[in-house]
Amino acid sequence: MNLDSLTEQSGEWLRASGPEADIVISCRIRLARNLSSFPFTNRASTHQKAEIEQYLKGRLEKIDFEPRLEYVNLAPLSALDRQLLVERQLISRELANSEGPRGVAFAGSEIISVMVNEEDHVRMQVIRSGFTLDEAWQDADRLDDKLEEKVPYAFNEELGYLTACPTNVGTGMRASVMLHLPALVLTKQIEKVFRALQKINLAVRGLYGEGSRASGDFYQISNQVTLGKSETTIINEIRDVVPNIINYERQARQALTRENHAQVLDRVRRAFGVLKNAAMMTSEETMDLLSSVRLGVNLGLIDDIDIFKVNELFIHTQPAHLQKLLGRQLDSEERNTERARFLRNRLREMDSLN
Amino acid sequence: MKCQSCEQSATVHLTEIVNGKKKEKHFCQDCAQKLELLKQQELNLTAILQSVIGQHVGGQTDELSRLTCPSCGIKYMEFKAAGRCGCPQDYQIFREPLMPLLERIHRGRRHVGKVPPHALKHAALQAELRELRQQLRNAIEREAYEDAARLRDQIKQKENADEPG
């Protein structure tokens, strides 16, 4: 697979095509599975990891599943290429930065990816655009069945799928929903939402899972419990709570446009103006400004900009994407200059189409 | 070290700095919870796991510290330090200290989700494969390459037999 060509397209999950896509960016199902006759990755020798990789690679490429998965060996890739896959959510940061034989199988649409030799031997994930948890689960379930025809999983009746970390044992499933919640952040109600979610045992994280501060006002909600509840129960619990958060966000957006219309319009236009004119731009500032622009588009304060294009800018302005798009390595100051140039060009292009 | 408000052993240690003066505090899990000290701490999964594991083992530590998985060689104390199992068999070997931990994390102790149709059917064969792979590793270590080649063929054969489709 030619990784350079990835930057010319976008993963399906950015399409803003599913239900409630103005607020729900994407839904993700991740299943952790292990081979029953090998030690877990953390305890496997390099030789064993190579055996595991060989075993899984052959079977992943052969399984009777559409779309076809193509395997990418991560060990020989440059740090930049691995970072590119992290930014696209095809692999985890942990897998990118770990060592030894490891890889990822994915299909061109980037809906499905299967990591090999992450914390567990197999970590398969399905990411779909919009509020589509059930569809994502159906895909993951189907892929899991197909792989299990060929691969003997570590499983016991009492504890379910056995995983390296006891926090994943049972279903091995993490179901998550990525939400864009700029109005709840602006109106300072986001903490309230956090506390309510924690009370019902759901975890909240920022985009790319870094620390507590969510850049770009993106929040990921996921289950913590994996043992003692079925996959559908876990998914239903999340699916039932998300509409409440969507409603809070919509109410907050309405309140903002009703009571603080001038301020919101000012914020959105300033963000747009800075993005279109600045000469240097950090990744962090880009995320914050794009968040305001995204809110502006959804509130109808900026005309005729496709929300998909805005979604895409969040990813294409990440460090590895920027360097890939420009075709060379950049230090962080160069990146800030090139990021600003890239944003100016893209946004002016969009503007001139109108 | 004992908890400063009761007789249990302290598992929560805090350093407070007030007006430039350092002050150390030590509490057991229960007292720390009563004082709501734990809520202010950032959620650190590994630390929580370790503290929960430590708490559940308590007095049995001596006996448990000698527990080693015959399959992957991980010692109970290593599992405790890392919060990660070494192989699927550890869930049996360390079952006793693991069950209360799982109950704490998940508030559940039994899997009620998906059951893979093939895994149980192939359990016996898998145990055999595990054994063969262990023998293969031993053969390679003592440089008995003829044995290794024979074992490798055997493994290949069994792996292929394992594949229905």
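The face of helix H1 of chain A turned away from its buried side carries the exposed residues His47(A), Gln54(A), Gly58(A) and Glu61(A); exposed stands for 12 or fewer other C-beta atoms within 10 Å of a residue's own, buried for 20 or more, with C-beta atoms placed from the backbone. This is a predicted model, where local features need pLDDT of at least 70, side-chain atom pairs count only at pLDDT 80 or more, and totals for chains, interfaces and linings use all residues. Residues are numbered from 1 along each chain as its sequence is written, while chains are lettered from A and ligands numbered from 1 in the order in which they are written.

Buried in H1(A) are Lys49(A), Ile52(A), Glu53(A), Leu56(A) and Leu60(A). Down the helix axis they fall within an arc of 100° (taken from the directions from the axis to the C-beta atoms), so they line one face of H1(A). Their cover includes the strands tabulated here; helices (H or I, at least four residues) and strands (E, at least two) are DSSP runs, numbered from the N terminus.

| Strand of chain A | Residues |
|---|---|
| E2 | 70-73 |
| E3 | 103-106 |
| E4 | 112-116 |
| E5 | 122-129 |

Now for the partner chain: 35 residues of chain B are in contact (C-beta atoms, placed from the backbone, within 7 Å) with 33 residues of chain A. Helices H6 (95-106) and H7 (123-141) of chain B each supply at least two residues of the side that touches chain A, and the largest share, five residues, comes from H6(B).

Methods: Two residues are in contact if their C-beta atoms, placed from the backbone, lie within 7 Å.
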